[in-house]
Amino acid sequence: QVQLVESGGGSVQSGGSLRLSCAVSGYTYIGRCMAWFRQAPGNEREGVAGINVRDGSTNYADSAKGRFTISRDNAKNTLYLQMNSLKPEDTAMYYCAASYYSAIYYGNCAPSKGRYTYWGQGTQVTVSS
C-alpha cells in the first residue's frame with residue numbers, strides 16, 4: 001500500500017521561504033517519477049516540479065524555475081520541495097505525487113497529472129503580501 005504524507009506548509013509573507021516534505025511508504029509500487037503539484041481555489045491542479053528518483057534529473061514548471069527546488073532523500077524515503085522568494089500567487093494546496101512502478105517512462109519526469117497514480121492529501125501554503 002502506497003502512502004504519501006505531506007508536511008511543511010504554512011503561512012509566510014511575500015519573499016519568504018518554506019520547505020515541503022513528503023514521506024513515502026510502499027516504495028515497492030512506486031515508479032521512477034515523483035512530483036509536486038498545487039491547486040488554488042477555483043483552479044485546476046497544476047504541476048510544479050518533477051524528479052526522477054533514480055538519477056535525480058528534474059523538470060520544473062515555468063512558474064517554479066529559479067525559485068523552487070525539488071529533491072529527494074532515498075535513504076529517508078522522503079521527497080522535498082524548497083520554495084524561495086514566495087509570491088501571493090503561490091498560495092495553494094500542495095500535493096505530492098508518485099508514478100506507478102510499471103508506468104511508461106517518457107524520458108523525463110515532467111509534472112503532468114496523467115503520469116501520476118498516487119497522491120497525498122496535501123499541505124496548505126499561504127503567502128501574504
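**Note on the predicted all-strand model**

1. The structure holds five salt bridges. This is a predicted model, and the points below take its charged network, its fold, one strand pair and one surface patch in turn.

2. Four residues come up together. R38, E46, R67 and D90 are linked in a network of salt bridges. Start with R38 and E46: their closest N and O atoms are 2.6 Å apart. R38 counts as buried because its relative accessible area is 7%, under the 20% cut-off. E46 has a relative accessible area of 36%, so it is partly exposed.

3. R38 also meets D90 in a salt bridge, at 2.9 Å from N to O. D90 sits in the loop between β8 (78–83) and β9, whereas R38 belongs to strand β4 (residues 30–39), so this pair ties together parts that are 52 residues apart in sequence. D90 has a relative accessible area of 1%, which means that it is buried.

4. What does D90 meet besides R38? The side chain of R67 forms a salt bridge with D90, at 2.7 Å from N to O. This pair, too, links distant parts of the chain. R67 is in the loop between β6 (58–60) and β7 (68–73), and D90 is in the loop between β8 and β9, 23 residues away. Both R67 and D90 are buried.

5. Now the fold. The secondary structure has zero helices and 11 strands. From the N terminus on, the elements run β-β-β-β-β-β-β-β-β-β-β. The radius of gyration is 14 Å, close to the 14 Å that the globule rule gives for 129 residues, so the protein is as compact as a globular protein of that length. Along its principal axes, the C-alpha trace spans about 45 × 25 × 25 Å.

6. Burial and contacts come next. Of the 129 residues, 40% count as buried. Take the contacts with a separation of 6 or more: residues 24 or more positions apart account for 60% of them. The accessible surface comes to about 6500 Å². Carbon and sulfur atoms own 44% of that surface.

7. Strand β1 (residues 3–7) shows a two-faced pattern. Which of its side chains are buried? L4 and E6 are, and they point to one face. Q3, V5 and S7 point to the other face and are not buried. In a regular strand the side chains alternate between the two faces of the sheet.

8. β1 has a partner. It pairs with β3 in the antiparallel sense, over five bridges. E6 stands opposite C22 in β3.

9. S21 lies in that partner strand, β3 (residues 18–25). Its relative accessible area is 16%, under the 20% cut-off, so S21 is buried. Leaving out residues up to four places away in sequence, S21 touches V5, E6, S7, W36, T78, L79 and Y80. V5, E6 and S7 among these contacts fall within β1 (residues 3–7).

10. Last, the surface. Y29, Y100 and Y101 make a nonpolar patch of about 320 Å². Y100 has its place in strand β9 (residues 92–100). Is Y100 buried or partly exposed? At 32% relative accessibility, Y100 counts as partly exposed. Patch residues need over 30% relative accessible area, so Y100, at 32%, passes that cut-off.

Definitions and conventions. Residues numbered from 1 in each chain as written. Predicted model: local features only at pLDDT ≥ 70, side-chain atom pairs only at ≥ 80, totals over all residues. Heavy atoms only, no water. Patch = residues over 30% accessible without salt bridge, like charges linked within 9 Å, V, L, I, M, F, W, Y side chains within 5 Å. Areas by Shrake-Rupley, 256 points an atom, 1.4 Å probe, with all protein chains shown as cover. Helix = DSSP H or I, 4+ residues; strand = E, 2+ residues; numbered from the N terminus. Buried < 20%, exposed > 50% of the residue type's maximum accessible area, 1.4 Å probe, protein only. Contact = heavy atoms within 4.5 Å. Pairing = 2+ DSSP bridges. Rg over C-alpha atoms; globule rule 2.2 N^0.38 Å.
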